[in-house]
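Me: I have a structure to study and some questions about it. Can we take them one at a time?

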Amino acid sequence: MIKETIKKNYNVTAKEIIEIEGGWSAKAYVINAYRKKYFLKVYMKSNKNYREWTKNIDVYAPIMNLLSEQKEFEKRISKVKLTVDGKYKVELKDCTIMLYEFINGVTIRNNDLDDFQKAELGQIIGILHKQDVGNFFDLAPITEDYNVWFCQEILNVLLKTTKVPKDISHLVEQNKVELIQLVENTTLLANAIKLREVENVLCHTDIHGWNLMQGDRLCLIDWEGIKLAPREADLFGIKGENWLSGCYNIVMKEYRKYHPDYEMDMQLYEFYMYRRMAEDIWASLERLIYDDINSEECKKIMNSITDMCRILREEDYIK
């Protein structure tokens, strides 16, 4: 099916199709065509978060392509290949697909960045935050609105409004204090920030080792979460060190070459730290409740939730 779809919609003849490890949002494939490679993402409509992952493709894909044409972002952002009729995606009965130019590299994953990579990351974020694309695109659909809807979903599980299996209910009950405090902190900060005037810049919002690849240059991938948002939406994970450890000083030294007057807004930093944790916990709970997963994967996800709640108990979670 993939071979025929690629040929029909992209006029690309695939010699070989190799499935590789994907993320939560999509299945992933390497397409070996004649003289060229491509990267294919397949968003399954059976995924409960399908709409969330795909609703802004026509907003962020052209922004990615515009950025990828700049010398500063060369080999740092993968370009989306257009279909034969000039579209950024292909809608099929069971899925939506996107085809990207292939970047030959290795995903950083949970490995530490070396000093050169940290400096490159500071450059990437610094350059990204200087981009003014509002004259070219309608950014309203991706402008930060501080919506924390997933907090209510966590509360629904805690209050047993959402029915869950006994082992999941037990897990939630064990971590009830941390989860209630997380929901309260996230909601209170969101409401407070809504009353402020905050400068927004173009942000990736999901910078961590699984979205960084080392090829000829350090490459930032997976732009589904792109937003016009405060700088802290990208920088919280650098300072918080729960996603990229030991990076802050070098990344920020490079970042301030592009934004010399920047000082971190601690209220925004705390909001994004709490919100990301709440998002991740709900995403994990959602998989346990709704997805058809085997016992080994279920155990892995439950351990991950336990670890996140343990981190919340630590006094220095917000540094």
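Reply: A disulfide is a pair of cysteine sulfur atoms within 2.5 Å. Keep in mind that this model is predicted.

Me: How many disulfides does a search of the whole structure find?
Reply: Take C151 as a test. Its closest cysteine sulfur is in C309, 13 Å away, too far for a bond. C298 is in no disulfide either, with the sulfur of C309 15 Å away. For the whole structure, the number of disulfides is zero.

Me: Is C151 buried or exposed?
Reply: Buried means under 20% relative accessible area. C151 has 3% relative accessibility, so the label is buried.

Me: Which strands stand at the edges of the open sheet?
Reply: Five strands form this sheet, with antiparallel pairing. Their order is β1-β2-β3-β5-β4. An edge strand here has a single partner, so one side is left without a neighbour in the sheet. The edge strands are β1 and β4.

Me: Which residue in β5 is the bridge partner of F39?
Reply: Strand β3 covers residues 36-44, and β5 covers residues 95-101. Seven bridges join these two antiparallel strands. In β5, the partner of F39 is Y100.

Me: How many residues apart in sequence are the parts that E91 and K45 tie together?
Reply: The side chains of E91 and K45 meet in a salt bridge at 3.6 Å, N to O. E91 lies in strand β4, while K45 lies in the loop between β3 and α2. The pair therefore ties together parts whose separation in sequence is 46 residues.

Me: Which residues share a salt-bridge network with K45?
Reply: Some salt bridges share partners, and this joins residues into one network. Besides K45, the network holds D58, K89 and E91.

Me: Why are R276 and D280 separated by about one helical turn?
Reply: Their side chains meet in a salt bridge at 3.0 Å, N to O. Both residues lie in helix α10, residues 266-290. The separation is about one helical turn because the two are apart by four residues.

Me: Which helix gives the largest share of the lining of the largest cavity?
Reply: The search finds one cavity of 30 Å³ or more. The largest cavity has a volume of about 50 Å³. Its lining includes A233, D234, W243 and R276. The largest share, four residues, comes from helix α8.

Me: How many residues of that lining are nonpolar?
Reply: The lining of the largest cavity mixes residue types. Three residues are polar and three are charged. The nonpolar residues number four.

Terms used:
Residues are numbered from 1 along each chain as its sequence is written. This is a predicted model: local features need pLDDT of at least 70, side-chain atom pairs count only at pLDDT 80 or more; totals for chains, interfaces and linings use all residues. Side-chain values use heavy atoms; hydrogens and water are left out. Buried means under 20% relative accessible area, exposed over 50%, partly exposed in between (1.4 Å probe, protein chains only). On a 1 Å grid over the protein atoms alone, a cavity is a set of points where a 1.4 Å probe fits but cannot get out, and a pocket is an open set with protein on both sides within 12 Å along at least five of seven lines; lining residues have an atom within 4 Å of a point. Grid points are joined across faces, edges and corners, and a volume is the space filled by probe spheres set on the points. Ala, Val, Leu, Ile, Met, Phe, Trp, Tyr, Cys and Pro count as nonpolar, Asp, Glu, Lys and Arg as charged, and the others, Gly among them, as polar. Two strands pair if DSSP finds at least two bridges between them. A salt bridge is a side-chain nitrogen of Lys or Arg within 4 Å of a carboxyl oxygen of Asp or Glu.
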